[in-house]
Amino acid sequence: MTWKTGTRSVLLATAAVALVSALSACASNSTPAAGSSSNSSSGGSSASASASGKSGSASSSAAGSGAAGTAADLTGKTLVAKEVTGSYAIVPGSTISLTFQNGSLAARAGCNNMFGQYTVSGNVLNAPQLASTMMACDEALMNQDTWLAAFLASSPTWTYSGGTLTLTNGTDTIALTEAPTGAAVLEDTGWKLVGLISQSGSTVSAIDPTVTAWLRFADGQVLVNAACNSGSGTAKITDTTITFGPIAMTMRACVGPTQDVEQAMNAVLQGTTTYTVKDDPSGALLTIMAADGETGLQLTADASVGADAMGSMTASPTS
């Protein structure tokens with residue numbers, strides 16, 4: 001009995017010690033030690049504020065650089081699209097272009113020029129009223145003008161990322177990228193001759209409709225079909241100039257309209273020329289002015305001309 005009582009006493013004493021230790025530990029965890037209360041509290045508050053600041057900064061950064069970008073991203077840019085997804089199908093061979101400049105928007109869908117003011121509110125682009133020129137064009141392109149004006153007036157949402165502007169109104173979506181310049185523009189297609197320029201650009205004469213002449217650019221070279229003879233040479237392209245090297249041509253005798261066209265082309269395609277590419281109802285219009293600034297060529301984009309000769313970048317005499 002004495003042994004049992006002693007054992008009970010030892011057990012009770014041990015339990016008491018354990019209970020006191022536990023209570024002390026609990027008190028220590030819940031109540032900061034003297035002299036460290038302020039620091040601990042301040043440290044916790046500081047960490048919380050720091051975390052909050054980081055979170056706020058991240059949120060602010062995400063809001064400021066969200067997928068939509070900013071209006072400043074668009075200023076000074078011309079963006080083009082060759083297709084629309086959704087309920088509307090773009091007219092084959094046409095493009096849609098938008099130019100943003102200090103709150104002004106110029107839009108083109110293949111026929112008339114539209115222009116007016118635009119604003120950006122969050123991820124919404126507002127261009128409710130665009131004025132337009134009144135040129136008569138192919139009906140499909142005029143209808144496309146009407147569609148684009150209505151689309152822009154519908155307050156589409158927008159994102160600008162990786163150089164691509166995406167506009168959508170929930171029904172149709174347009175993805176536009178920056179307009180190519182220089183060699184990228186000229187090498188994208190073939191160029192069919194449609195007019196001869198004289199008197200410093202003041203007069204443009206259409207070529208005989210029975211005559212076919214064209215240029216094709218690729219990899220620093222140009223293929224030339226001058227209506228009668230054909231050949232190739234070098235062509236160094238910048239954003240505003242084309243410098244033609246000697247062009248090796250076939251030597252077929254030419255008469256009549258083909259001779260006139262060939263002589264005009266040969267006179268222009270020498271040395272450093274200036275050029276412009278503009279959108280036109282019939283397609284992109286390339287104007288090349290001779291080094292003297294007096295004569296030039298007008299050509300329209302035509303993907304079919306010269307396509308069969310692109311593999312070797314050499315041209316054969318025309319039949």
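Phenylalanine 217 and phenylalanine 244 are both buried in this predicted model. Their ring centres lie 6.4 Å apart and their planes meet at 45°, so the pair is classed as tilted. The pair links distant parts of the chain, with phenylalanine 217 in strand 14 (residues 214-218) and phenylalanine 244 in strand 17 (residues 241-249), 27 residues apart.

This is one of four aromatic pairs that a search of the whole structure finds. Another is formed by tryptophan 147 and phenylalanine 151, whose ring centres are 5.3 Å apart; the planes stand at 25°, so this pair is stacked. Under 30 degrees is the range that counts as stacked. Tryptophan 147 and phenylalanine 151 both belong to helix 4 (residues 139-153), where a spacing of four residues separates them by about one helical turn. An α-helix has 3.6 residues a turn, so positions three or four places apart point the same way. Tryptophan 147 and phenylalanine 151 are each buried, and ring pairs join them with Tyr88 in a cluster.

Helix 6 (residues 256-268) offers a check on helical geometry. With 13 residues at 1.5 Å a residue, helix 6 should span 18 Å, and the 19 Å between its end C-alpha atoms agrees with this. Val261, Glu262, Met265 and Val268 are buried in helix 6. These residues lie on the same side of helix 6, because they cover an arc of only 130° around the axis. The cover over the buried residues of helix 6 includes strand 12 (190-198), strand 14, strand 15 (221-225), strand 18 (271-278), strand 19 (285-289) and strand 20 (296-301). Strand 14 thus appears here as part of that cover, and it also carries phenylalanine 217 of the tilted pair.

Strand 10 (residues 164-168) shows alternating side chains: Leu165 and Leu167 point to one face and are buried, whereas Thr164, Thr166 and Thr168 point to the other and are not buried. Strand 10 runs antiparallel to strand 9 (residues 157-161), to which five bridges join it. In this pairing, threonine 157 stands opposite threonine 168. The two strands form a hairpin with two residues between them, and glycine 162 in the turn has a positive phi of about 60°.

Strand 10 is also joined by five bridges to strand 11 (residues 172-178), again in an antiparallel arrangement. Here threonine 166 stands opposite alanine 175 of strand 11. Three residues lie between strand 10 and strand 11 in their hairpin, and glycine 170 in the turn has a positive phi of about 90°.

Conventions:
Residues are numbered from 1 along each chain as its sequence is written. This is a predicted model: local features need pLDDT of at least 70, side-chain atom pairs count only at pLDDT 80 or more; totals for chains, interfaces and linings use all residues. Side-chain values use heavy atoms; hydrogens and water are left out. Rings of Phe, Tyr and Trp (its six-membered ring) pair if their centres lie within 6.5 Å; planes under 30 degrees apart count as stacked, over 60 as edge-to-face and the rest as tilted. Buried means under 20% relative accessible area, exposed over 50%, partly exposed in between (1.4 Å probe, protein chains only). The expected span of a helix is 1.5 Å times one less than its number of residues. The arc is that of the directions from the helix axis to the C-beta atoms. Contact means heavy atoms within 4.5 Å. Two strands pair if DSSP finds at least two bridges between them.
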